[in-house]
Amino acid sequence: MSVNILEAAGISKNFGGIVAVQKVDFTIPLRSIVSLIGPNGAGKTTFFNLVTGIYEPTTGKITFDGKQLEKLKPHQVTQRGIARTFQNIRLFSNMTALENVMVGEHYRLKAGLFGAIFRPPRVVKEEKAAYKKALELLEYVDLGGKGEEFAKNLSYGDQRRLEIGRALATDPKLLLLDEPTAGMNPNETARLTRFIDQLRRDREISVLLIEHDMKVVMEISDRVTVLNFGKKIAEGLPAEIKVNTEVVEAYLGKAYSQNKDEQK
């Protein structure tokens, strides 16, 4: 039996009279890649925000690595071992690539105000280790040699990789990627898809992916969960989701699904 790194039970989120997520049960097995898909407005990003502490569930509970999450602030969730990227890239554009990654390491550094001012040997040693780790992460995300470039001057694909590098700097056990291939050309998309799979194997972390590119979803996912109007309408292997009538209707409309059935 597989062990789940994350379990969400009966999760709902209401905004006034609007139900964005409705009684969703959801699990992520250890070291798996799980994709969360659905039409625009289905509740996918809201679910991400519930997992990362931006929102607190209206009902239900979320357990991560055996401990409850739903009362924690975002920085506490990060300290527990969850990191994310965003649909709209959120880098520090006027900082270098190296500095952006080192910001991600901040959560793991122990130097306080005293250490920052007086810089005892332990703080200097910690800073050197952080610098070395940041360089290694830049190399890992294929940005070696670009550490001194400002984030705003990097190509779109490199900015996406830098955001993943910054997330990895927090030493996550679970990485949430919100449409990581959005805006990429086919070559960039293929490269990043391979990288995400390699990342899971190299670093033994779990990945939760929101992605609209179905080719990416079908290639990389161990399991796919589908939301529509905040409800979970399907869950299963990629091959099962691809032929699920309710999923096809949610994406392409009921008429398309009926026509397809009539052609068989």
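**Exercise 1. A charge over a ring**

Task: In this predicted model, find which ring arginine 161 lies over, and at what distance from the ring centre.

Solution: Begin at arginine 161, which lies over the face of phenylalanine 195, at 5.1 Å from the ring centre. To accept this as a charge sitting over a ring, check the distance against the cut-off, which asks that CZ of Arg be within 6 Å of the ring centre. A further case is arginine 223, whose charged end sits over the ring of phenylalanine 26, 5.8 Å from its centre.

**Exercise 2. Aromatic pairs**

Task: State how many aromatic pairs a search of the whole structure finds, and then work out whether the pair of phenylalanine 26 and phenylalanine 47 is stacked or edge-to-face.

Solution: The search of the whole structure gives three aromatic pairs. One of them joins phenylalanine 15 and tyrosine 55, with 5.1 Å from centre to centre and 75° between the planes, and this pair is edge-to-face. Its members come from distant parts of the chain, since phenylalanine 15 is in strand E1 (residues 4-15) and tyrosine 55 is in the loop between H1 and E4, 40 residues apart. Phenylalanine 15 counts as partly exposed at 34% relative accessibility, and tyrosine 55 counts as partly exposed at 29%.

Now turn to phenylalanine 26 and phenylalanine 47, whose centres are 5.0 Å apart and whose planes make an angle of 65°. Planes over 60 degrees apart count as edge-to-face, and that is the class of this pair. The pair links strand E2 (residues 18-29), which holds phenylalanine 26, with helix H1, which holds phenylalanine 47, across 21 residues. As a last step, look at accessibility: phenylalanine 26 counts as buried at 2%, and phenylalanine 47 is buried with a relative accessible area of 1%.

**Exercise 3. Salt bridges**

Task: Explain which parts of the chain are tied together by glutamate 56 and lysine 71, and decide whether arginine 166 and glutamate 163 are buried or exposed.

Solution: Glutamate 56 forms a salt bridge with lysine 71, and the closest N and O atoms are 2.9 Å apart. Glutamate 56 lies in the loop between helix H1 (44-51) and strand E4 (59-64), while lysine 71 lies in the loop between strand E5 (67-68) and helix H2 (74-80), so the pair ties together parts that are 15 residues apart in sequence. Glutamate 56 is partly exposed, with a relative accessible area of 39%, whereas lysine 71 counts as exposed at 67%.

For the second part, arginine 166 forms a salt bridge with glutamate 163, with 4.0 Å between the closest N and O atoms. Both residues, arginine 166 and glutamate 163, are buried.

Notes. Residues numbered from 1 in each chain as written. Predicted model: local features only at pLDDT ≥ 70, side-chain atom pairs only at ≥ 80, totals over all residues. Heavy atoms only, no water. Salt bridge = Lys/Arg side-chain N within 4 Å of Asp/Glu carboxyl O. Helix = DSSP H or I, 4+ residues; strand = E, 2+ residues; numbered from the N terminus. Buried < 20%, exposed > 50% of the residue type's maximum accessible area, 1.4 Å probe, protein only. Phe/Tyr/Trp six-rings, centres within 6.5 Å; stacked < 30°, edge-to-face > 60°. Lys NZ or Arg CZ within 6 Å of the ring centre and 35° of its normal.
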